[in-house]
Structures are given as structure tokens and as C-alpha cells.
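Welcome! Have the sequence and the 3D view open side by side, and let us walk through a few places worth visiting.

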Amino acid sequence: MSRSAKVNQVILFILDDVRAEHLFKLMNEGKLPNMARIAENGIKCSNCVTSYPSITFPCYSNIMTGAYSGYFPKEGSAVPMYHWIDRMDPPSMSKKFPFIRNYSERKDVLKINKDIGKNVKTIFEQAPEGNMLSSTCFLYRGAHFALAESFFDVEPIFKNIAYAFENPGKYFSNKEVPLISVGYVPHTDEIMHKKGFDHLDYINLLIDCDKYLGSLIEILKKTGFFANTTISIISDHGNFKPKALFNLEPFFQQNGLIPYVPKKAKGNFDCNFGSVGFFNFPGETWHHHPRIQQMQSFKPIGIGKQSLNLFDILWKIPGVRFMYYRNDDNKPEKGIIHIKYKEKNSEKIINGIIEYEGFGKDQKTRYVFDENDFYGYYKNEKSAKILDNKFHTLEEWLKATNLLNFPMIIDQIPRYFKNPRSCDIMVSTLGTYAFEYEHGKTIENHPFSHDIGLRESMIVPFIIGGSTEIPQMELKYCKTTDMVPTLLSLLGLKPDISVIGKSVLA
Ligand SMILES: [Zn+2]
């Protein structure tokens with residue numbers, strides 16, 4: 001134990017797909033007594049901002065690393081999104097056609113450990129020594145054990161960690177208890193998509209998690225570790241109910257857009273689209289991102305000679321309100337992202353840009369718009385002050401916009417687009433429509449979703465407690481990438497240089 005350490009061990013639970021307002025409501029109603037006790041006696045925040053777009057990969061991996069997407073040959077996570085095309089900058093022509101990564105395919109889930117790249121480190125990799133335990137955590141790089149046998153059952157996620165404290169020799173040859181344990185519960189997300197955030201099955205699963213947590217606490221007390229172990233809880237994103245579902249397959253067909261299939265070497269576009277849509281198009285080849293002019297007069301591979309204006313086509317998708325794309329010749333250290341915006345029920349397109357400069361923690365962004373601010377920041381006294389045409393850091397955006405919709409989105413959009421694996425045009429319906437479209441198919445008709453920048457999808461719980469060494473405090477706001485540096489600081493450790501979040505105790 002280092003001199004500055006407050007605790008000897010940390011345990012983190014990531015409950016997938018839980019809104020802060022829902023978890024805190026259940027705690028206030030007495031339905032989650034164990035979580036409530038941890039929150040009451042420790043650090044709690046019901047206004048923790050996750051990364052944008054609010055989708056499991058990358059939000060979950062951003063929690064695990066304390067970092068965000070970026071220009072990954074130099075900085076940041078190499079996993080920009082749940083789905084991506086492996087395009088590099090400069091283009092890597094080693095394969096004829098770049099592959100599509102899709103983490104919803106079970107065979108690809110664990111590939112995230114390699115995909116994420118060398119310029120970020122998991123919490124496990126950030127501790128110089130000690131035993132590391134991952135309990136069903138897909139991103140487990142640096143953990144001595146990755147226990148994934150409990151895929152269909154929630155209780156073992158908690159029990160695995162309890163066993164490690166009762167009988168560490170079972171997992172670790174030095175017979176020492178784990179310094180860092182992370183338990184990840186994907187089941188909450190599965191039920192939320194199918195049944196919804198207000199369904200009894202979803203609520204009961206959270207109640208079960210609380211019960212299993214209670215059993216773990218009992219074992220920590222019995223084995224004498226409770227007093228010097230911290231228990232923390234976070235989620236990767238919230239959720240919402242789209243107003244309408246819509247099948248996009250016929251729309252794309254009618255517009256001459258043919259899904260890209262790398263193995264068959266065919267197709268002229270790729271898309272995955274819940275309520276936020278990610279569109280990829282070939283430039284010079286599929287290895288190159290297209291230039292703006294190429295997207296304005298797109299010559300689709302495989303059909304006729306007629307050129308298409310892709311921007312015009314994408315505006316015809318029902319419900320589209322926002323459109324984002326990068327400027328030509330953007331550099332990792334400096335560039336421009338274009339924003340187009342349509343008011344509800346209006347055909348008028350309003351223009352804006354986000355300019356960015358710098359890397360990692362030092363990234364600064366500037367938001368400039370033609371007429372009105374699109375995000376409603378002007379309506380709030382605190383956030384209106386940041387509409388000053390000047391460059392601002394992530395912390396400044398967070399401070400100014402944490403109480404509004406689209407919290408810190410100006411910082412987040414460039415981090416996404418800097419990644420060469422990011423898409424060419426991103427659109428959002430703000431949750432009015434959901435499409436469940438993935439690479440040529442409408443896959444499922446889930447009535448519930450998450451991905452948008454509105455608060456219901458962006459605000460998650462942040463709880464750190466357990467040991468009495470943890471100060472009692474309520475934070476007005478924080479962000480999900482603050483979890484890892486805070487836990488490391490409780491262990492007396494410094495976060496890796498790649499970490500963008502900061503300890504809430506600093
Ligand atoms: Zn998730």
C-alpha cells in the first residue's frame with residue numbers, strides 16, 4: 001500500500017444501460033439498499049456525462065481506459081464506435097478491401113482488446129503490480145483472469161469477485177486478493193432494448209444486482225477486507241424510447257446505394273443506424289475517405305453513370321435533424337467538422353462548424369454557427385457564456401453544458417472524427433426515429449435504444465464508496481472517464497498519460 005493510498009483494493013461494477021435518474025430513483029425508493037448505502041456514505045453523482053454517441057462500444061471502453069477516441073496512431077482509443085471500417089491515415093493498402101468491425105457479432109467481441117490500440121491502457125494495465133480480476137469484462141487487457149463463463153447468468157459476475165476475496169489462491173498463484181476487480185453486467189442492456197427502462201424485468205434485474213452486491217459485501221466483511229476496499233458503480237449510457245421505427249432497406253435500394261461487403265468486393269456504401277447513423281463511402285478506393293466534393297457528386301461503384309448528392313439523399317431519411325462530416329485535409333492536430341442542422345418540421349438547413357486543435361487532454365474546440373446555436377446552449381445563463389467564439393477545453397465545455405441536452409458534445413464530435421476508422425457522414429434524428437439498420441439489413445425491431453446526445457441517453461450514475469476512507473460528497477457533475485483516475489488515486493497510483501478524465505478527489 002503506497003503512502004498516499006486510501007484503500008487497498010478497488011472493485012468497479014459497470015451496469016450496462018442505466019440512466020442516473022432511474023438508478024437514483026430506485027435507491028430513493030429503498031429498492032436498492034446496498035447501492036444506496038454505498039452512495040450515501042461515499043461519493044455520489046447523478047449527473048455523470050458519458051461519451052458521445054452514447055453507444056456501448058465505445059462508452060464502456062472509455063470508462064475502462066479513462067480516455068476517448070482519437071487519432072489512434074498517436075493518441076486516444078482506436079475504437080471509435082460499435083461498428084467501423086478499418087481505414088487508416090495514410091490509407092493502408094495491404095488488403096484489397098478494408099474490413100468491417102461489428103462488435104455485436106460474438107466472435108468479434110473480444111477483439112476489442114487488440115483493436116483498442118497501444119495508446120490507451122485499461123485500468124488493469126495502469127497499475128504497476130498486483131492481481132487484476134475481470135469478471136465478464138469484454139475489455140480485460142492486463143487482467144490476470146478473464147472469466148466469461150457466466151455469460152447468461154448475472155449472479156456469477158458478483159460471485160467471481162467474492163470468491164477472489166474468500167479464496168484468492170483459486171485465481172492467483174501468490175494467493176493475494178485482487179488489487180483491481182471489474183465486473184461488467186451486459187444483461188441490463190439486453191432487457192432494456194427488448195422490454196424498456198420502465199419494465200418490471202429491467203427493474204427486477206437491477207434489484208437482483210443490488211442483492212448480489214449485498215452478498216459480496218457480506219463476504220468482504222467476513223473476510224476482513226471491507227474496511228479497506230472501495231466499491232464503485234457506473235453505467236456506460238442511458239436510454240430512450242424512439243417515437244417511430246422505420247425500415248431503411250427500400251430507401252437505400254431506391255437511391256442506388258448498395259451495401260459494402262468486403263469479402264465479395266462489392267457495394268458503394270456502408271451504414272449502421274439506430275437513431276444516430278454512421279455512413280461510410282469510398283473515396284479514391286475503399287481505403288480512402290471521400291472528399292466533400294466526391295460526396296456531393298458521388299459516382300456509385302456498380303450502378304449507372306449518374307452521380308448522386310449524398311448529402312441531399314441523407315436529408316430525405318425521416319427525422320434527420322443533425323448532419324456532421326469532416327472538412328477535406330483535416331489533420332489530427334487541427335481541423336474542422338461541419339454541422340448542418342434542421343429545425344423540427346422545417347426544410348431550412350442552418351450551418352455551423354466545430355474547429356479543433358491539439359491532442360488528448362490539450363484538445364481545444366471552438367463552436368461557430370451561422371444564425372442560432374443548434375444545441376440550445378443560449379437558453380441557459382451558464383452555458384450561454386461559452387458561446388464566445390473562443391477555443392475551449394473539455395473541462396470548460398463540461399462545466400458549461402452539464403445541465404443541458406448535448407452535454408460536452410462540441411468536444412466529443414472532433415474526438416470521434418479524428419479517428420481514421422470513423423465514418424464520413426454522421427446523422428442524428430434525436431430519437432424521433434430509430435432504424436436498427438446494420439450493413440444492409442434491418443436487424444431487429446427493438447422498441448428501446450440509446451445513442452443520441454439528449455440527457456436521457458447521456459447521463460449515468462457515478463458512485464464510489466464502501467470503505468470509510470472514502471469521503472462523503474455529492475458531485476454536481478462529472479464524466480465517465482473520471483472513474484479510472486479516481487480509483488487509481490484511491491490506490492495511491494497515477495493514471496497513465498493517455499487518461500483524459502481526472503480524479504474527482506483532486
Ligand atoms: Zn451499453
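## A buried asparagine

A residue is called buried when its relative accessible area is under 20%. Keep in mind as you look around that this is a predicted model.

With that cut-off in hand, start at N272, which you will find in strand β10, residues 270–273. Its relative accessibility is 7%, so N272 counts as buried. Which residues are in contact with N272, if we leave aside its neighbours within four places in sequence? They are H83, G277, F278, Y437, E438 and H439.

## An enclosed strand

Next, find strand β21, which covers residues 459–466. Here 8 of the 8 residues are buried, so the strand is largely enclosed by the rest of the structure. I459, P461, I463 and G465 point one way, while V460, F462, I464 and G466 point the other way, and buried residues make up both sets.

Which strands pair with β21? One of them is β2, residues 43–49, which runs antiparallel to β21 and is joined to it by 5 bridges. In this pairing, C45 stands opposite F462. Another is β8, residues 229–234, which also pairs with β21 in the antiparallel sense, over 5 bridges. There, I233 has I463 as its bridge partner.

## The zinc site

Now turn to the zinc ion. Which residues coordinate it? D16 does so through two OD entries, joined by T56 through OG1, D236 through OD and H237 through NE2, at 2.0 to 2.7 Å. Along the sequence, these donor residues follow the spacing D-x39-T-x179-D-H.

Two of the donors, D16 and D236, link distant parts of the chain, as they are 220 residues apart. D16 sits in the loop between β1 (9–15) and α1 (20–28), and D236 in the loop between β8 and β9 (244–245). Are these two buried or exposed? D16 has 1% relative accessibility, so it counts as buried. D236 is buried as well, with a relative accessible area of 0%.

## Aromatic rings

There are 45 aromatic pairs in the structure. Take F246 and F435 as an example: their ring centres are 6.0 Å apart and their planes meet at 90°, so this pair is edge-to-face. The two residues are 189 apart in the chain, with F246 in the loop between β9 and α9 (249–254) and F435 in the loop between β18 (433–434) and β19 (437–438). F246 is partly exposed, at 33% relative accessibility, whereas F435 is buried, with a relative accessible area of 1%.

F251 and F252 form another edge-to-face pair, with 5.7 Å from centre to centre and 70° between the planes. F251 counts as buried at 13% relative accessibility, and F252 is buried with a relative accessible area of 1%. The residues of both pairs belong to one aromatic cluster, made up of F246, F251, F252, F269, F273, F279, F281, F298, Y433, F435 and Y437. You have already met Y437 in this tour, among the contacts of N272.

## Charges over rings

To finish, look for two places where a charged side chain meets a ring. K170 lies over the face of Y163, at 4.7 Å from the ring centre. At F72, the charged end of R421 sits over the ring, 4.5 Å from its centre.

Note on methods:
Residues are numbered from 1 along each chain as its sequence is written. This is a predicted model: local features need pLDDT of at least 70, side-chain atom pairs count only at pLDDT 80 or more; totals for chains, interfaces and linings use all residues. Side-chain values use heavy atoms; hydrogens and water are left out. Buried means under 20% relative accessible area, exposed over 50%, partly exposed in between (1.4 Å probe, protein chains only). Helices (H or I, at least four residues) and strands (E, at least two) are DSSP runs, numbered from the N terminus. Two strands pair if DSSP finds at least two bridges between them. Contact means heavy atoms within 4.5 Å. Donors are N, O and S atoms within 2.8 Å of the metal (3.2 Å for Na, K and Ca); water is not among the atoms, so sites may look incomplete. Rings of Phe, Tyr and Trp (its six-membered ring) pair if their centres lie within 6.5 Å; planes under 30 degrees apart count as stacked, over 60 as edge-to-face and the rest as tilted. A charge sits over a ring if NZ of Lys or CZ of Arg is within 6 Å of the ring centre and within 35 degrees of the ring normal.
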